[in-house]
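Here is a structure to get to know by asking how each label is earned. Look at it first, then follow the questions.

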Amino acid sequence: MSEKLKVGILGGTGMVGQRFISLLENHPWFEVTTIAASPRSAGKTYAEAAGGRWKMTTPMPEAIKDLVVMNVNEVEKVAADVDFVFSAVDMTKEEIKKIEEEYAKTETPVVSNNSAHRWTEDVPMVVPEINPEHMKVIEFQKKRLGTQRGFVAVKPNCSIQSYAPVLTAWKEFEPYEVVATTYQAISGAGKTFQDWPEMEGNIIPYIGGEEEKSEKEPLRIWGEIKDGVIVPAVSPVITCQCIRVPVLNGHTAAVFVKLKKKASKEQLIDKLLQFRGVPQELALPSAPKQFIQYLEEDNRPQVSLDVDYENGMGISVGRLREDAVYDWKFVGLSHNTVRGAAGGAVLCAELLKAQGYITKKK
């Protein structure tokens, strides 16, 4: 057990914090030893602080029930006994940026689920199968922060996971114009149907900030490092609508795409099935063996059947067909709190360990 890296979870009582805790139970590399949350939870055991608000379908892990929750604002104290932290704090964007950099400056790497640092030029925003090379910008960030091993790395928004990997797999055919509508689960708002009964049988055609993230974040992922910062790509142009739907877990996307180079349906499907990255090559613990599956049935992918594909870390695609206005259209599905949130961050941390950025402090 002592060989495992000691992990702290910032914002451990919220829904994403809970997902981190459930995913890290019995993890071969990482062990949750510290949980920090707001001052109102500090001093209570985790079971006392989160027990009545536990939203996972799996039971609360026994190993963390008696951990005493620390005050997330006591940065030095929280950082003292961990090798790195996952961040899922619920604060304003400016507060998050500040506190994540404070943790980094204690020489504690921060792997964040939050959006606050996604546009900080020297912070890598990574889908490990797509842009693992962006982690190299960490060396420039450490110079800015004045750290030896402390830094901030982030994962992108949950809404893009069901289509950005598909467009990446088709890169050689040069997608240049994309229209996407995402149908997003209520857990993306940190809610269950018990919390949000008005969502039953309802659709809300607006999710604050999601459309901008869905249009811009893929371009940053497809960008490149120049002069110590990540410069976003300029193509393809993406326009997006984001709709909240009465589903607990799983973001579905209906996508239309224009390609500069012609491709057959068989070629496009083959590119999806063959697409793999560093996580698969290194067999990282949380990596899906088959990142993207293609489903031939006309009524797939479905949330109820496919959201847990590859333990929620894989992407499901179906209904690929030619379009009368665009070249092709398809439907994608991803698990928003696993691949799209905590699971994606855990995979980023596994990649950072494999790349030598996260190590034992002592």
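## How the labels are earned

The secondary structure of this protein comes to 12 helices and 14 strands. The model is a predicted one.

Q: What makes the protein as compact as a globular protein of its length?
A: Its radius of gyration is 20 Å. The globule rule gives 21 Å for 362 residues. The two values are close, so the protein counts as compact in that sense. Along the principal axes, its C-alpha atoms fill a box of roughly 60 × 50 × 35 Å.

Q: How much of the protein is buried, and how much surface does the protein expose?
A: Buried residues make up 57% of the 362 residues. Buried means under 20% relative accessible area. The exposed surface is about 15,600 Å², and carbon and sulfur atoms supply 49% of it.

Q: What share of the contacts between residues at least 6 apart in sequence joins residues at least 24 apart?
A: The share is 76%.

Q: Why is serine 87 called buried?
A: The cut-off for buried is under 20% relative accessible area. Serine 87 has 0%, so the label fits. This residue is found in strand β4, residues 84-87. Beyond its neighbours within four places in sequence, serine 87 is in contact with eight residues named here: Leu10, Phe20, Glu100, Val110, Val111, Ser112, Asn113 and Asn114.

Q: Why is α1 described as largely enclosed by the rest of the structure?
A: Eight of its 10 residues are buried, so the description holds. The buried ones are Met15, Gly17, Gln18, Arg19, Phe20, Ile21, Ser22 and Leu24. They pack against β1, β2, α2, α3, β4 and α12. After α1 comes asparagine 26, with a positive phi near 65°.

Q: Which element gives the most to the lining of the largest pocket?
A: That is α1, with four residues. The pocket holds about 1,100 Å³ of space. Of the 44 residues that line it, the closest to its centre are Val16, Ala88, Val89, Asp90 and Asn114. Two or more lining residues come from each of α1, α5, α8 and α12. By class, the lining has 13 nonpolar, 21 polar and 10 charged residues.

Q: What lines the second largest pocket?
A: The lining has 33 residues, and Leu23, Glu310, Asn311, Met313 and Val338 are the closest to the centre. This pocket has a volume of about 660 Å³. Both α1 and α12 give two or more residues to its lining. Here too α1 gives the most, with four. The lining divides into 14 nonpolar, 13 polar and six charged residues.

Q: What makes a space a cavity, and which residues line the largest one?
A: A 1.4 Å probe fits in a cavity but cannot get out. The largest cavity has a volume of about 30 Å³. Its lining is Val126, Val127, Pro128, Lys155, Pro156, Gln161, Arg339 and Gly344. Four of these are nonpolar, two polar and two charged.

Q: Why is tyrosine 357 called buried?
A: Its relative accessible area is 14%, and buried means under 20%, so tyrosine 357 qualifies. This residue is found in the segment after α12. Its contacts include Pro109, Met135, Arg149 and Phe151. Phenylalanine 151 is 206 residues away from tyrosine 357 in sequence, yet 9.1 Å away in space, C-alpha to C-alpha.

Q: Why is glutamate 107 called partly exposed, and asparagine 311 exposed?
A: Exposed means over 50% relative accessible area, buried under 20%, and partly exposed lies in between. Glutamate 107 has 22%, so it is partly exposed. Asparagine 311 has 68%, so it is exposed. Glutamate 107 is in the loop between α5 and β5. Asparagine 311 is in the loop between α11 and β13.

Q: What is notable about phi in glutamate 107 and asparagine 311?
A: Most residues other than glycine have a negative phi. Phi of glutamate 107 is positive, near 70°. Phi of asparagine 311 is positive too, near 60°.

Q: Where is the cis peptide bond with proline 236, and where is the one with proline 301?
A: The bond from serine 235 to proline 236 is cis, with omega near 5°. Proline 236 is in the loop between β9 and β10. The bond from arginine 300 to proline 301 is also cis, with omega near 5°. Proline 301 is in the loop between β12 and α11.

Note on methods:
Residues numbered from 1 in each chain as written. Predicted model: local features only at pLDDT ≥ 70, side-chain atom pairs only at ≥ 80, totals over all residues. Heavy atoms only, no water. 1 Å grid on protein atoms, 1.4 Å probe; cavity = no way out; pocket = protein on both sides within 12 Å on 5 of 7 lines; lining within 4 Å. Points joined across faces, edges and corners; volume = space filled by probe spheres on them. Nonpolar A, V, L, I, M, F, W, Y, C, P; charged D, E, K, R; others polar. Rg over C-alpha atoms; globule rule 2.2 N^0.38 Å. Buried < 20%, exposed > 50% of the residue type's maximum accessible area, 1.4 Å probe, protein only. Contact = heavy atoms within 4.5 Å. Areas by Shrake-Rupley, 256 points an atom, 1.4 Å probe, with all protein chains shown as cover.
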